[in-house]
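Dear colleague,

Please find below the structure that I am handing over to you. My findings follow it, grouped by topic.

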Amino acid sequence: MPTGGLVAIFAHPDDETFGLGGTMAYYAERGVPVTMICATRGEVGEISAGHEATPETLGQFREQELRDAMAILGVTDVRFLDFRDSGMQGTPENDDPRAFINAAPGRVVPALVTVIRERRPDVVVTWDASGGYGHPDHIATHHHATAAFHAAADPARHRDAGAPWQAAALFYTAIPMAEFGRLMDEMRARGIDVPDIAEDEALMAELPRVEANCIIDVERYFERKMTAMLAHRSQITDLDPFMRIPEDLRRSFFGREYFHRAHPVLPDGAMLSDLLAET
């Protein structure tokens, strides 16, 4: 398997398609290697009405859904870390000793370092410190992936995890809060009910955010991205709030993907349109 390209590190199946599904498709179509690492199988997520999964089998379904979504996007290298979904903040699942948020860095980071050193990516992409909307597993993923990015390059660390590798750049996904706000405003102006998530706009705005300094136009992959999202059918259906947004607005919002290059730091005002750019 060719090395280089992109390693994406996220917490649950479906995290990836929302934030960088189009970007994955863009690079995969060009023959750039893409590896997807998922920390958990999303075992304690909600189950869509009418879906055949049960709380006992949800993890199995979600694993296959991720593989199906990645196949739609052209990604064949999918890996799981085998930790358990921790659930939303303040839920009983947080206390499960198998939960990802309870995993010591000494268990998580070496596993990620091993993959980074094996795949020798040009870039690593993961959640920012907000975890998107504050999910504890997303935030844990941010910390572990950031640590692994740096540790993979250090020959003194994790010597049994392969030869050191310094990826050229570390990117965080950057939720475009201004664009999200404009989307909600336009829906209200049209007299359309806004998605339930809009009720959390104020809370989301208070989370630690990074500003996008890389925006990728993925409008060409919009239909494929939507199909990949619906492959996560235990979580997302045609009745999902985001899927009921008028197509012109949905295409505008999901047709661009936003990232923040955290390392090396970009000069103020710089804006990239490619994760693999050398600037």
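Helices (H or I, at least four residues) and strands (E, at least two) are taken as DSSP runs and numbered from the N terminus. The model is a predicted one, in which local features need pLDDT of at least 70 and side-chain atom pairs count only at pLDDT 80 or more, while totals for chains, interfaces and linings use all residues. Residues are numbered from 1 along each chain as its sequence is written, and side-chain values use heavy atoms, with hydrogens and water left out.

Backbone

As background, most residues other than glycine have a negative phi, and most peptide bonds are trans. The peptide bond from H263 to P264 is cis, with omega near -10 degrees. P264 belongs to the segment after strand 7 (256-263).

D14, a residue other than glycine, has a positive phi near 100 degrees. D14 sits in the loop between strand 1 (6-10) and helix 1 (15-29). With a relative accessibility of 12%, D14 is buried; here buried means under 20% relative accessible area, exposed means over 50%, and partly exposed lies in between (1.4 Å probe, protein chains only).

R120 is not a glycine either, and its phi is positive at about 50 degrees. This residue is in the loop between helix 3 and strand 4 (123-126). R120 is partly exposed, its relative accessible area being 32%.

Salt bridges

Side chains of opposite charge can pair when their charged atoms come close. A salt bridge is counted when a side-chain nitrogen of Lys or Arg is within 4 Å of a carboxyl oxygen of Asp or Glu. The whole structure holds 22 salt bridges.

D77 takes part in a salt bridge with R79 (2.9 Å, N to O) and in another with R119 (3.3 Å, N to O). The pair of D77 and R119 links distant parts of the chain, 42 residues apart: D77 is in strand 3 (residues 77-83) and R119 in helix 3 (residues 105-119). D77 is buried at 7% relative accessibility, and R119 is buried with a relative accessible area of 3%.

Which parts of the chain does the pair of R190 and D248 tie together? R190 lies in the loop between helix 6 and helix 7 (201-206) and D248 in helix 9 (residues 247-254), so the pair joins parts that are 58 residues apart in sequence. Their side chains form a salt bridge at 2.7 Å, N to O. R190 is partly exposed, with a relative accessible area of 38%, and D248 is partly exposed at 46% relative accessibility. Elsewhere, E29, R30, R220 and R224 are joined into one network by salt bridges that share partners.

Second largest pocket

The second largest pocket encloses about 180 Å³ of space. On a 1 Å grid over the protein atoms alone, a pocket is an open set of points where a 1.4 Å probe fits, with protein on both sides within 12 Å along at least five of seven lines, and lining residues have an atom within 4 Å of a point. Grid points are joined across faces, edges and corners, and the volume is the space filled by probe spheres set on the points.

Among the lining residues are I175, M177, R209 and Y258. Helix 6 (residues 177-189) supplies the largest share of the lining, three residues.

Yours sincerely
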